[in-house]
There are 2 protein chains.
Amino acid sequence: MKPANRPYHHGNLRQELLRAAEAALEARGVQQLSLRELSRKLGVSHASPQRHFATKQDLLNALATVGFQRFDAIAAKAVAARGQNFNARLTKVALAHLGFALKHPALLALMFEAKRQRVLPPELHTALQTAFSHLPRILQEGQEAGKIVPGDPYRLALTIAAVVQGLVAISVDGKIKGDSLKVIVPEVIGHVLNGLSTGKSKV
Amino acid sequence: MKPANRPYHHGNLRQELLRAAEAALEARGVQQLSLRELSRKLGVSHASPQRHFATKQDLLNALATVGFQRFDAIAAKAVAARGQNFNARLTKVALAHLGFALKHPALLALMFEAKRQRVLPPELHTALQTAFSHLPRILQEGQEAGKIVPGDPYRLALTIAAVVQGLVAISVDGKIKGDSLKVIVPEVIGHVLNGLSTGKSKV
DNA sequence: CCTCATTGTTGTCAATGGCTACATCTTGCC
DNA sequence: GGCAAGATGTAGCCATTGACAACAATGAGG
């Protein structure tokens with residue numbers, strides 16, 4: 001079965017499994033994801049995944065964890081862009097969030113499904129926490145500059161993330177009534193920021 | 001196997017299957033949902049579900065459909081309450097949405113997961129559409145009264161629904177950093193409504 | 001080199017979803 | 001009333017799957 005040119009030890013089967021799993025996930029959904037199929041596709045035996053993921057759920061959790069880590073990296077990058085006004089920065093983060101959602105819809109769904117487990121693996125938990133830890137920083141700066149209404153910055157920030165996540169959830173194929181989220185999100189974020197800003201009356 | 005006091009024909013196996021499936025879903029998650037287990041629990045043969053749901057996914061879709069229908073009913077009721085100011089009515093709808101989410105978390109997750117299918121069954125599609133058709137009506141009235149900023153009422157309404165749905169998705173066990181969504185949601189909705197209102201400067 | 005932990009393999013098992021052929025009940029029609 | 005036809009439930013089978021256990025190959029540290 002094994003091509004004989006490939007060494008007995010695969011080398012980095014864990015990484016390859018995650019890669020293949022993500023591909024299969026986006027291609028055919030969680031329900032159709034089979035460990036044995038992954039093994040076949042990678043040319044290894046059907047039991048080898050067990051050395052890296054004790055159970056199928058463990059693999060899914062690992063997948064969700066790297067998902068949140070990538071999400072975190074994107075958000076961090078978007079947040080890092082300094083020197084702009086708050087609205088622009090917040091919109092940037094929201095669009096980064098949206099971009100991830102449009103690029104990896106199945107993975108994002110898996111991430112939030114994994115989060116629903118009764119007890120989550122610590123890595124998943126921390127990855128989840130840190131992934132949503134960026135927005136508050138911006139908002140806090142906004143508050144210190146007197147441009148954002150007072151209140152727990154974490155909660156205020158959550159509003160932005162929630163809007164994007166909710167729009168993604170409610171949309172079908174990244175569209176709402178035929179209009180792309182890429183158009184809708186900035187518009188909606190504009191309304192929300194309008195609500196979070198101190199005394200304004202632009203329309 | 002069959003107790004002999006129960007007639008050969010169950011009578012309303014379809015309904016019972018849906019009921020049992022929802023219970024099992026909330027109790028143990030989608031992954032652990034087994035048609036055969038449902039059959040055993042209802043005391044019927046393992047093949048009988050096929051008469052009502054050609055495939056397991058069909059059952060899940062039916063479950064999602066009734067979910068959206070119940071969701072729709074709740075939203076409709078909340079919307080129907082007339083004679084109040086717009087903020088109160090919109091908040092009411094949001095809280096109804098939240099109440100559903102807290103009561104049937106697994107079902108709600110299933111609903112939005114089902115929605116991700118490449119092609120959705122027509123009943124599911126229409127149930128989904130109508131479930132989010134109530135908010136726009138209120139907002140439109142608000143616009144006609146000049147209290148809500150102009151724009152497609154459907155999009156504006158979506159903002160409310162998206163916030164709730166997103167908060168639910170991001171929260172863990174109905175809580176965010178230890179604070180119940182029941183406290184957070186009205187607060188956040190307040191901010192968003194502030195952003196959707198015409199000329200205001202409260203705060 | 002030689003031990004031993006790591007990683008991969010083969011073989012097996014129970015459970016599952018789905019299929020087919022068959023049994024039983026119900027309804028509509030004469 | 002009864003009977004034909006469809007609807008609903010059953011029994012048996014199959015391929016696939018996730019998980020487990022016993023064994024094999026590899027490579028790293030002494």
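Visitor: What span is reached by helix α3 of chain B, and how does that compare with the expected value?

Guide: In this predicted model, α3(B) covers residues 56-80, and its 25 residues reach 36 Å from the first C-alpha to the last. The expected span is 1.5 Å times one less than the number of residues. That expectation is 36 Å here, and the helix is close to it.

Visitor: Which residues of α3(B) are buried?

Guide: A residue is called buried if 20 or more other C-beta atoms lie within 10 Å of its own. The buried residues of α3(B) include Leu59(B), Leu60(B), Leu63(B), Phe68(B) and Phe71(B). Asn61(B), Thr65(B) and Gly67(B) are also among them.

Visitor: Against what do the buried residues of α3(B) pack?

Guide: Their partners within chain B are α1 (13-28), α4 (86-103), α5 (105-114) and α6 (122-131).

Visitor: Why is Lys41(B) counted as it is, buried or exposed or partly exposed?

Guide: Lys41(B) belongs to helix α2 (residues 35-42) of chain B. Buried requires 20 or more neighbours and exposed 12 or fewer. Lys41(B) has 15 C-beta neighbours inside 10 Å and therefore counts as partly exposed. The C-alpha atom of Lys41(B) is separated by 9.6 Å from that of Leu17(B), 24 residues apart along the chain.

Visitor: What is notable about phi of Asp173(B), and where does this residue lie?

Guide: Phi of Asp173(B) is positive, about 60°, although the residue is not a glycine. Asp173(B) sits in the loop between α8 (153-170) and β1 (175-176) of chain B. Lys177(B) likewise has a positive phi, near 50°, and is a residue other than glycine. The loop that holds Lys177(B) is the one between β1 and β2 (179-180) of chain B.

Visitor: How do you know whether Asp173(B) is buried or exposed?

Guide: The limit for exposed is 12 or fewer other C-beta atoms within 10 Å. Asp173(B) has 11, so this residue is exposed. Lys177(B) has 13 other C-beta atoms within 10 Å and is therefore partly exposed.

Visitor: Which elements make up chain A, and in what order do they run?

Guide: Chain A has nine helices and two strands. From the N terminus the order is α-α-α-α-α-α-α-α-β-β-α. The C-alpha trace spans about 70 × 35 × 35 Å along its principal axes. Of the 203 residues of chain A, 36% count as buried.

Visitor: What makes the relation of α4(A) to α7(A) parallel or antiparallel?

Guide: The axes of α4 (residues 86-103) and α7 (residues 135-144) of chain A come within 10 Å and cross at roughly 170°. Angles over 145 degrees count as roughly antiparallel, and α4(A) is therefore roughly antiparallel to α7(A). Phe86(A), Arg89(A), Leu90(A) and Val93(A) of α4(A) meet Leu135(A), Ile138(A) and Gly142(A) of α7(A). By class, that contact has five nonpolar residues, one polar and one charged.

Visitor: Why is the relation of chain A to chain B that of a two-fold axis?

Guide: Two copies of a chain are related by a rotation about an axis and a shift along it. Here a rotation of 180° with 0.0 Å of shift superposes chain A on chain B, at an RMSD of 0.1 Å. That is the relation of a two-fold axis. In chain A, the C-alpha nearest the axis belongs to Gly195(A), 1.6 Å from it. The same surface serves both copies, as 97% of the contact residues of chain A recur in chain B.

Visitor: How many residues are in contact between the chains, and which elements of chain A supply them?

Guide: The contact involves 35 residues of chain A and 34 residues of chain B. On the chain A side, α5 (105-114), α8 (153-170) and α9 (181-196) each supply at least two residues. α8(A) gives the most, with 13 residues. By class, the side of chain A that touches chain B has 20 nonpolar, nine polar and six charged residues.

Visitor: What does Ile170(A) contact, leaving aside its neighbours within four places in sequence?

Guide: Ile170(A) lies in helix α8 of chain A. Its contacts beyond those neighbours are Ile176(A), Phe132(B), Leu158(B), Ala161(B), Ala162(B) and Gln165(B).

Visitor: How do you know whether Ile170(A) is buried or partly exposed?

Guide: Buried begins at 20 other C-beta atoms within 10 Å. Ile170(A) has 19, so this residue is partly exposed.

Key. Residues are numbered from 1 along each chain as its sequence is written. Chains are lettered from A and ligands numbered from 1 in the order in which they are written. This is a predicted model: local features need pLDDT of at least 70, side-chain atom pairs count only at pLDDT 80 or more; totals for chains, interfaces and linings use all residues. Copies are superposed by least squares on the C-alpha atoms of residues with pLDDT of at least 70 in both. Two residues are in contact if their C-beta atoms, placed from the backbone, lie within 7 Å. Helices (H or I, at least four residues) and strands (E, at least two) are DSSP runs, numbered from the N terminus. Ala, Val, Leu, Ile, Met, Phe, Trp, Tyr, Cys and Pro count as nonpolar, Asp, Glu, Lys and Arg as charged, and the others, Gly among them, as polar. Axes are lines fitted to C-alpha atoms, for helices over the stretch in contact, and angles run from 0 to 180 degrees between N-to-C directions. Angles under 35 degrees count as roughly parallel, over 145 as roughly antiparallel, 65 to 115 as roughly perpendicular and the rest as oblique.
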